[in-house]
Amino acid sequence: MGLLSKKDANLILDPLADNNPITIQVLGICSALAITAELKASVVMSLSVLFVLGVGNVVISLLRNIIPSKIRIIVQLIVVATLVIVVDQVLKAFAYELSKTLAVFVGLIITNCIIMGRFEAFALGNGPWKSFLDGIGNALGYGVILVIVGFFRELLGSGTLFGIPVLGDPIAKTGLYSTGYENNGFMIIPPAALIVVGIIIWAQRSRNKALIEEA
Amino acid sequence: MNTEKNSYTVIFATVMVVIVGSLLAFLASGLRPRIDENERFEKQQNILYAMGVSQNEDAGSVNFIPTDVVEEEFSKYIKQQLVVVGSESKERDEAYLIDMKKQLNIIKNGDEAELPLFIGEKEGKQYYIIPMYGKGLWDAIWGFISLDENMVVQGVVFDHKGETPGLGSNIKLRFFMDDFTGESVLDGNRYAGISVVKGNNDPLNNDKEDNQVDALAGATITGNGVTAMIKETLKLYKPYLETIRTK
């Protein structure tokens, strides 16, 4: 990345792998379980968090010197909630169909612990540009895991990707289903997401032993 | 500047609330007309969809009439907009704007509500379209059901506020809604409605007389909500439906 210094580039790249908010910091698990039954929802959620975290981090960073520390959590919450409501209202007026897809995510974004976590841990102590990069990086790291989980859950659970059948027709028994293959109903329910996330954590830590915590 | 003083904290909080509050109020009132219009179009699209006026091509996705022509199509197909009180009905313009949720609250308080009902006509056939409102797993679910004189479902449309994506939210997909078409809501003379059931040995839904459709995996509560919603709605409209029923 020629545009960014090495330090700035790391703000984006670190959360994608060795400091991933879901697999290393174990934040944002709740939404990773709730909405990854299909790939489309995973992508929409990732983009929403990308926007809110990117802008929110900048706002908090700009205010960092004037926020009274006693009420900083409340201030952070107000910033997230305001951003989410603004996005929701604008979409409702100008992109109604999209807003209906997003409706269920709005509440989940406000309560997403990654957002509060980054405000608290990073934006309160760093400048706006760095905070922006940190927000984007963490949102991407979150999104990558969501998309991976969504991919496997939708493929194995429903035999579709983005709602398009890719393994044949399970009722008419065409494609892969003609060999006796069945969709795995377990993948549709939330515990399956925990197992997929667990496998990702396992794979990541066996590749990079430095990530394993001392017991 | 000492940001730790109590007075500063109070002032900061006050200023912040005023700024954020006015920003949101300004935005909400500015965008209100556009949002209202979108919601109005959506209702018209849903009512038309329930009577089979849509842009659906073979199997797959749900395609409503586009918003730019929906008003025209709505006045073309919907011949009468009624409000029903008991078995009586009278015509009312723009009855489709009546909020079902409010009417259900009126009924809950023991008062007489005005229930909207729409009569559509397509290729010489009459459709009686009834709005529904109920509860899913997380939040409200609603929709429209259209019946003919024999109390056979001609089409349904469902929507929801916050059902789980990929599970309960699938009530608004084609494969689920299409199953209802052709089912009778009668069981003998009883308004049994249509139940969403698991393992009914009829996943392809060939039996149209069993008052059942196949459930969605992983969405039991939402499915039960749909069952209850249809049943409750039929109970409310039964006196009127008796007057138009021919079978």
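**Entry 1: the cover over helix 6 of chain A**

I began by looking up what covers the buried residues of helix 6 of chain A, and I found that the cover includes helix 3 (39-63), helix 4 (72-94) and helix 7 of chain A. The model I am reading is predicted, so I note its limits: local features need pLDDT of at least 70, side-chain atom pairs count only at pLDDT 80 or more, and totals for chains, interfaces and linings use all residues. Residues are numbered from 1 along each chain as its sequence is written, while chains are lettered from A and ligands numbered from 1 in the order in which they are written.

Which residues of helix 6 are buried? In this helix (residues 113-121), I found A:Ile114, A:Ile115, A:Arg118 and A:Phe119 to be buried. Buried means that 20 or more other C-beta atoms lie within 10 Å of a residue's own; exposed means 12 or fewer, partly exposed is in between, and C-beta atoms are placed from the backbone. These four cover an arc of only 135 degrees around the axis, which puts them on the same side of helix 6 of chain A. The arc is that of the directions from the helix axis to the C-beta atoms. I jotted down the general rule too: an α-helix has 3.6 residues a turn, so residues three or four places apart point the same way.

**Entry 2: helix 7 of chain A**

Next I checked the length of helix 7 of chain A (residues 128-158). Its 31 residues, at 1.5 Å a residue, should span 45 Å, and the end C-alpha atoms are 43 Å apart, which agrees. The expected span is 1.5 Å times one less than the number of residues. Just past this helix, I saw that A:Gly159 takes a positive phi of about 70 degrees.

A:Leu155 sits in helix 7 of chain A. Is A:Leu155 buried or partly exposed? It has 17 C-beta neighbours inside 10 Å, so I put A:Leu155 down as partly exposed. I also paired it with A:Asn184: they are 29 residues apart in sequence, and their C-alpha atoms are 9.4 Å apart in space.

**Entry 3: chain A as a whole**

I counted 8 helices and 2 strands in chain A. Helices (H or I, at least four residues) and strands (E, at least two) are DSSP runs, numbered from the N terminus. The elements run α-α-α-α-α-α-α-β-β-α from the N terminus on. Along its principal axes, the C-alpha trace spans about 65 × 50 × 35 Å. Of the 215 residues in chain A, 35% are buried.

For confidence, I looked at pLDDT, the predictor's own score for each residue, from 0 to 100. Chain A has a mean of 84, with 97% of its residues at 70 or more. Within chain A, confidence is lowest in helix 5 (residues 96-110), at a mean of 75, and highest in helix 7, at 91.

**Entry 4: the strands of chain B**

Chain B has 5 helices and 10 strands. I followed some of its strand pairs, where pairing needs at least two DSSP bridges.

- Strand 1 (residues 78-85) and strand 3 (residues 115-122) of chain B run antiparallel and share 6 bridges; B:Val83 has B:Pro116 as its bridge partner in strand 3.
- Strand 1 and strand 2 (residues 88-91) of chain B pair in the antiparallel sense over 4 bridges, and B:Val84 stands opposite B:Ser89 in strand 2.
- Strand 3 and strand 4 (residues 125-135) of chain B are antiparallel, with 5 bridges; B:Gly120 has B:Tyr127 as its partner in strand 4.

Then I looked at two hairpins. The hairpin of strands 1 and 2 of chain B has 2 residues between the strands, and B:Gly86 there takes a positive phi near 65 degrees. The hairpin of strands 3 and 4 of chain B has 2 residues between the strands, and B:Glu123 takes a positive phi near 50 degrees.

**Entry 5: B:Thr222**

B:Thr222 lies in helix 5 (residues 220-244) of chain B. With 26 C-beta neighbours inside 10 Å, B:Thr222 counts as buried. What does B:Thr222 touch, not counting residues up to four places away in sequence? I listed B:Gly136, B:Leu137, B:Glu163, B:Gly168 and B:Ile171. Contact here means C-beta atoms, placed from the backbone, within 7 Å.

**Entry 6: where the chains meet**

Last, I checked the contact between the chains: it takes 24 residues from chain B and 25 residues from chain A. On the side of chain B that touches chain A, I noted 14 nonpolar, 7 polar and 3 charged residues. Nonpolar covers Ala, Val, Leu, Ile, Met, Phe, Trp, Tyr, Cys and Pro; charged covers Asp, Glu, Lys and Arg; the others, Gly among them, are polar.

How values were computed: Two residues are in contact if their C-beta atoms, placed from the backbone, lie within 7 Å.
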